[in-house]
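Here is a request from a student who wants to know where the descriptive words for a protein model come from. Each question asks for the reason behind a word, and each answer sets a value against a definition.

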Amino acid sequence: MEQGITFDAEFDVVVVGSGVAALFGAAAAACRGLSTCLVEKTDRFGGTSAYSGGAVWLPGNAVLARDGLEDSVERGRTYFRAVVGDRTDRQVQDAFLNTGPKVVDFLLEELGIPMRFQPFPDYFDAPGRQDAGRSIYPKPIRGEELGDRVRDVRSAVPVDQFGADEDTTKLEGGRAWVARLVSAIDGMENAELRLSCAARELLRDADGRVVGVAVEQDGRLQALGARRGVLVAAGGFERSATLREQWQQMPTADWSSSHPATGSGDAARMFGEVGAELDLLDQSWWCPATLFPNGHAAFTLGFRSGLIVDGTGRRFANELLPYDQMGRAMRARMADGAGDEFWFVFDDAEAGGFPAICIPAPDADELRAAGLWHTAGGVEELAGMTGLDPETLRASVDRFNGFAEQGEDTDFHRGEDPYGRFFLGASTPQQCLRPVGGDRLHAVRLVLGDLGTKGGAVIDANGAVVDVEGQPIAGLYAAGNSSASISGEAYPGPGVPLGSGMVMAFRAVADMAGEPLPVTP
């Protein structure tokens, strides 16, 4: 018992949060023989991870080799360095890259989680890139395998934010990770999972070491002791309107692809209270998003036709950019004074359907009633409906159509990168350029969305949170979106958020166990 603190319960490790990084950290701790308690403030496990496609980016791992993809840690390092550079500590980068294969081995051998490689291109044209990507995914799991526990896994986006019916027949992607990790932890006698249990404060002893967490459950405050350490992997601040405005100048927190009850900034607040160094607070995992009548916005990618214009009616980027890069182009337009209004303009090529990937798929009638989907007989009429400048919109459409006719987008190079061609199944840039025209044109409102914020506590190679002087805060660790991203301002490829979160949680637990993992192989 530490000085001045009476604990209601004591464990070796306390984990705050229940996304993939948190759950994996808890599983790794329990497998090491450490008594572990994971606390989640909502009534479901999964956090923002449950909304993800489930990709995990860890170069040179055993699943990639088994499934026939030629890759290596060194090839991944070449690519990662080219994209991220020196924005984050190179020792932390190396710790992430070199430990990735060990994490996959642990998932396979210790937790028995089945995984597979699935093509999804890396996001940057840089040395070491894999055009087929290097991401692995959990195999889906049937809801019946989880029994009643399936109700404790966070629902998919259409259910959580848009009122769709729940379907637990099969859990895929991020939900499969969450379900499989929860199931694994349930089978461990030295691990405890608590829902509706909110972390309120990090507890420190007289020497400043973090020795536990004050939590609130069922209206009662409790002190949970953590003899070896506390791992905070509780997401970012994507759902805090105050922090989004303060740190990112975003007009709202409602456009984030996260549940309204998650990502409230609790982790950042607690880190600030103990003097942690924070970084990348102005950054998110950005993406275009379709605005819905309820004020929420759904992650949108894979634009098969049409063009995107800003609030002035001007086309400003390659619509087939990787989503974070397209989001950054949108953010740049907002910073330049173009406003936060964007429109996706397309024709009837798909029988009036929405030519992009958006889950849930937009209902044209519902969006029309809310003024978020307009249909017109021509460009000028469409401009009148949307409030866009007709001359600027006409110039944008005509210039885009000219590129389509010549088969080359000399402004933004649409279709020239493998990522842009991936979603269209195209082999040439010309297949990604089709004129917009016909009897009807449509405009659907887009906004700048995100898949979570990426600013938080700065960590060292062991996942330990450092203070403003760069020294580790004893007993405190962070992973996932609660920590400042290892990839800095870049989004190198599908699965970097989950992969880096899992690795640093794994390294944090090893450090807590007194067996820190080497940075080099």
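Q: Why is the pair R129 and D417 called a salt bridge?
A: A salt bridge is a side-chain nitrogen of Lys or Arg within 4 Å of a carboxyl oxygen of Asp or Glu. In this predicted model, the closest N and O atoms of R129 and D417 are 2.7 Å apart, so the pair fits that definition. Side chains of opposite charge can pair when their charged atoms come close. The two residues are 288 residues apart and link distant parts of the chain, with R129 in the loop between β4 (115-117) and β5 (135-138) and D417 in the loop between α12 (390-406) and α13 (418-422). The helices (H or I, at least four residues) and strands (E, at least two) are DSSP runs, numbered from the N terminus.

Q: What rules lie behind the residue numbers and the values in this model?
A: Residues are numbered from 1 along each chain as its sequence is written, and side-chain values use heavy atoms, with hydrogens and water left out. As the model is predicted, local features need pLDDT of at least 70 and side-chain atom pairs count only at pLDDT 80 or more, while totals for chains, interfaces and linings use all residues.

Q: Which of the words buried, partly exposed and exposed fits R129, and which fits D417?
A: Buried means under 20% relative accessible area, exposed means over 50%, and partly exposed lies in between, with a 1.4 Å probe and protein chains only. R129 has a relative accessible area of 7% and is therefore buried, whereas D417, with 23%, is partly exposed.

Q: How do you know that D409 and R315 form a salt bridge, and what does the pair tie together?
A: The closest N and O atoms of D409 and R315 are 2.9 Å apart, which is within the 4 Å of the definition, so the pair counts as a salt bridge. D409 lies in the loop between α12 and α13 and R315 in the loop between β15 (307-309) and α9 (323-335), so the pair ties together parts that are 94 residues apart in sequence. D409 is buried, at 1% relative accessibility, and R315 is buried as well, with a relative accessible area of 8%.

Q: What separates D324 and R328 along helix α9?
A: D324 and R328 are four residues apart in helix α9, so about one helical turn separates them. Their side chains meet in a salt bridge, at 2.8 Å from N to O. D324 has 2% relative accessibility and counts as buried, while R328, at 24%, counts as partly exposed.

Q: How many salt bridges does the structure hold, and which residues are linked in a network?
A: The structure holds 42 salt bridges, and E74, R77, R81 and D94 are linked in a network of them.

Q: Why are helices α4 and α14 called roughly perpendicular?
A: Axes are lines fitted to C-alpha atoms, for helices over the stretch in contact, and angles run from 0 to 180 degrees between N-to-C directions. Angles under 35 degrees count as roughly parallel, over 145 as roughly antiparallel, 65 to 115 as roughly perpendicular and the rest as oblique. Helix α4 (residues 90-109) and helix α14 (residues 496-512) pack at about 85°, with their axes 8 Å apart, and α4 is therefore roughly perpendicular to α14. Among the residues that make the contact (heavy atoms within 4.5 Å) are F96 and F106 of α4 and M502 and F506 of α14.

Q: What makes α1 and α4 roughly perpendicular, and which residues make their contact?
A: The axes of helix α1 (residues 20-31) and α4 come within 12 Å and cross at roughly 70°, so α1 and α4 are roughly perpendicular to each other. The contact is made by F24, A28 and C31 of α1 and V103, F106 and L107 of α4.

Q: Why is A176 called buried?
A: A176 is found in helix α6 (residues 173-186), and its relative accessibility of 0% is under the 20% limit, so A176 counts as buried. The C-alpha atoms of A176 and P140, 36 residues apart along the chain, are separated by 5.6 Å.

Q: Is Q325 buried or exposed?
A: Q325, which has its place in helix α9, counts as buried because its relative accessibility is 19% and buried means under 20%.
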